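Please open the model in a viewer and set the display to a cartoon representation. The tour below proceeds selection by selection, with a description of what each one contains.

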Amino acid sequence: MSAVLDHKPLLTHEIGSLDKPAWRVKAYAGQPLADREFDEASTWGQRLQVPEYQRLVELLHHAPFDKEKRSEIQRWSSLYALRLEESAGLDVVYDGEQQRTEMYDWAVSHTNGFERRGSVRAFDNKYYSKAAVVGPISLRAPFHNAEFSYLVSVADAELKVPVTGAYTIADWSFDERYDTATDLRGPAADRRRERKAARRDFVLEVARNMIRPNLMALIELGARWIQVDEPGASTEPDELDLFVDSFNASVEGLNAMFSTHLCFSDYNLFFPAIERMTHCRQFAVGFANYDSRELGTSDAARPGYQVIKKFRDLPDQPALGLGVLDIHSDFIESPELVRDRILYAVKVFGDPLRIHVTPDCGLRTRSWQVAYEKLRNMTAGVELARKDLGLTQPR
Amino acid sequence: MVAATRGLDRGRTEEDAVRAAFDQDLARWIEVQQAAGLDFFSDGLLSWQDLFRPLVEGLGPKPPEELVRWFDTNTFFRAPELSTVDQPRAFAATPMPAVPSPRVVTLPSPYTFSRAAHNATDRNRLMQELAERLLRPAMRTAVAAGAELIHLEEPWLTYDGIDDADWKPFAAAVASMTSGVGATIILHCYFGDAAPHLKRLMDLPVSGLGVDLVETDIAALEKGWADKSLLIGCLNGRSSVVEPLEATVELARHIADTVQPRDLYLSSNCELQYLPTGVAEQKVRRLGEVAHKAKELVPV
């Protein structure tokens, strides 16, 4: 990161994904676009002051799209998302993962050793694709280089690259390579032991042969902040050491700022295991989902944030990416609610430099309108908190 | 249905398209079960977003919101927002008319239900109320609509455990919902080892118990099942590897011979929702093959 941002209290950033605009989805899928999609491209282009957005609207009128045109439309989508985040006032941005299919699918479909198996429900009517590991894992080609190179060329704000972590990749995959035992006639304890050993081999192979080379390629291109996304990290409470080992195996000795994103878990489970993540300079964690919507900065008013004391006490004193927006709801948090969540965290930490402000997770399940309003209120809430704390903007 | 519901959420599809997709998927699911030769047919809870959602709609001070991980899976449920159930509620857990007979209906066990609820202060009281005022009417409605087998899902007990003091209220809750219900009722304990709880589970007033054989030793089942049915979860609903036919038949035969339950039911160890449709269908076909072959070897 830049020297200015390194020392900016209450630094703001998004976590990763944004919804893909309908014009991008339909154009990419070869479906006809309706007037509302042209309008959407036009309206958001105007609102976000995307330079020369009329060129996109013009391009969208010229279906069918060959491979080159589809790539161009994806880049437009990246640019729109980047401008949405910049326009909302975030300090550190990315492109809402517009060029990726999805955080898991994109990674495994660029890696040798996996085969797609189909979709599985995550929650409500949201599904994700699952693949199975079927052979030795190796990177086919670095899979974030193209998007990162493009974003470097167009971003005004600092960039943070979200990369799906090894544990989550393994946890969300079926295992048809390491753990294939199906005979249930033997002792269950033997099966558990074998399953555990197989899982360790799988996770660490993903870390070493898929994630690490991909990170190295990004750093080579100039990436300075890489966020290792691990929404699956606490799925198996007895595998937290394995999650930590996989993070360390992915980043150890590499020259960049590394952070990790954790969400929708009992965060108490992470302690003390994550004390060993000495290379992790920030933990971005979702809390708003568990919190009250009432104003206030007391313990009682902020039930979703009680666990942050444990993050405060981590020996290496990393920053906490404080999730203040519930990404599973269209409820728009007011700036005052965001402010109070921040003030509570600053009170607990005693140091606003260790508090960064973020949504709970990627906003891809919300519409752009909702995501934009939430993010704008988030940055407005940060301003209110700064004022309350007497903090001035670094120059 | 995946594409249709996603489209609906994003305003790109109409309700009609979702209904049509649901009907199509349900028809396909029934066809797969029939082709596999299963003995009971289910609607697969295809329209349920989680195990509690349709049951709690309209109950409690507000709709469920908080997303909570469903045990150690990557599937999440919205925790029911209720601490009490004031009045009996006739939720229609009615098997879809399209589902052929004999039908099985799946409901949450009151213990799991009460522990999954958000902010409940007295979970044992809530468990009793859920059993009496929500699950019992649901079971009666289901039976009136032709359900012959009620499958109660009980993962909490085997995954998280249960305090000694909670057994009595649990037994009372189960008794209050099952007495007089004219169907076979199986309490299926999964996502964990049932062995430490078997003795007390056997005393519960249900027709039978389900165990997850991925987590439970077959040696732990022992004997004493003359008055209880046993459901064995012999296909792993969380693994895409399809179990070999011969070994699984042998497993079923071995349990029939050694445990000698009143009736032996074969099933997956847990819901099949953690598998993509194609893999789930393969598992159902394998289940049918295993059952078919096992029936040839075991007197039924």
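**First stop: a strand pair in chain A**

Select A:Leu262, which stands opposite A:Val285 in β9(A). Before proceeding, note that this is a predicted model. Now extend the selection to the two strands, β8 (residues 257–262) and β9 (residues 280–285) of chain A, which pair in the parallel sense over five bridges.

Next, display the sheet to which these strands belong. Six strands of chain A form an open sheet with parallel pairing, in the order β5-β7-β8-β9-β10-β11. To find the edges, select β5 (161–164) and β11 (355–358) of chain A, each of which pairs on one side only. Viewed across the sheet, the twist from one strand to the next averages 25°. As a general point, the strands of a sheet pair through backbone hydrogen bonds, in either a parallel or an antiparallel manner.

**Second stop: A:Phe148**

Select helix α7 (residues 145–154) of chain A and locate A:Phe148 within the helix. Is A:Phe148 buried or exposed? A residue counts as buried when 20 or more other C-beta atoms lie within 10 Å of its own; A:Phe148 has 21 C-beta neighbours inside 10 Å and therefore counts as buried.

Which residues should be added to the selection to show the contacts of A:Phe148 beyond its neighbours within four places in sequence? They are A:Val161, A:Leu218, A:Leu221 and A:Ala223. A:Val161 lies within β5 (161–164) of chain A, one of the edge strands visited at the previous stop. A distance label may also be drawn between the C-alpha atoms of A:Phe148 and A:Gly222: the separation is 9.1 Å, although the two residues are 74 residues apart along the chain.

**Third stop: chain A as a whole**

Select the whole of chain A, which contains 13 helices and eleven strands. Along the principal axes, its C-alpha atoms fill a box of roughly 65 × 55 × 40 Å. The radius of gyration of chain A is 21 Å, which agrees with the value near 21 Å for a compact globule of 395 residues. Colouring by burial would mark 49% of the 395 residues of chain A as buried. Among contacts between residues at least 6 apart in sequence, 77% join residues at least 24 apart in chain A.

**Fourth stop: where chain A meets chain B**

Display both chains and select the residues in contact across the boundary: 33 residues from chain A and 38 residues from chain B. On the side of chain A, the elements that give two or more residues are β2 (111–123) and β3 (126–139). The largest share of this side, seven residues, comes from β2(A). Colouring the side of chain A by residue class gives 13 nonpolar, eleven polar and nine charged residues.

**Fifth stop: strands of chain B**

Hide chain A and select strand β5 (residues 184–189) of chain B. Five of its six residues are buried, so β5(B) is largely enclosed by the rest of the structure.

Which strands pair with β5(B)? Strand β4 (residues 147–153) of chain B pairs with β5(B) in the parallel sense over five bridges; here B:Leu152 stands opposite B:Leu187 in β5(B). Strand β6 (residues 208–212) of chain B also pairs with β5(B) in the parallel sense, over four bridges. For this second pairing, select B:Cys189 and B:Val211, the latter in β6(B), which stand opposite each other.

**Sixth stop: the domains of chain B**

Colour chain B by domain, with domain 1 covering 1–36 and domain 2 covering 37–297. The C-alpha centres of these two domains of chain B lie 24 Å apart. Where they meet, ten residues of domain 1 are in contact with 16 residues of domain 2. The domain 1 side of this contact in chain B comprises eight nonpolar residues, one polar and one charged.

**Final stop: chain B as a whole**

Select all of chain B, which has ten helices and eight strands. Its radius of gyration is 19 Å, close to the 19 Å that the globule rule gives for 300 residues, so chain B is as compact as a globular protein of that length. The C-alpha trace of chain B spans about 50 × 45 × 35 Å along its principal axes. Buried residues account for 46% of the 300 residues in chain B. Of the contacts in chain B between residues at least 6 apart in sequence, 70% join residues at least 24 apart.

How values were computed: Residues are numbered from 1 along each chain as its sequence is written. Chains are lettered from A and ligands numbered from 1 in the order in which they are written. This is a predicted model: local features need pLDDT of at least 70, side-chain atom pairs count only at pLDDT 80 or more; totals for chains, interfaces and linings use all residues. Two residues are in contact if their C-beta atoms, placed from the backbone, lie within 7 Å. Ala, Val, Leu, Ile, Met, Phe, Trp, Tyr, Cys and Pro count as nonpolar, Asp, Glu, Lys and Arg as charged, and the others, Gly among them, as polar. Two strands pair if DSSP finds at least two bridges between them. Axes are lines fitted to C-alpha atoms, for helices over the stretch in contact, and angles run from 0 to 180 degrees between N-to-C directions. A residue is buried if 20 or more other C-beta atoms lie within 10 Å of its own, exposed if 12 or fewer, and partly exposed in between; C-beta atoms are placed from the backbone. Domain bounds come from an automatic or database domain assignment. The radius of gyration is taken over C-alpha atoms; the globule rule is 2.2 Å times the number of residues to the power 0.38.
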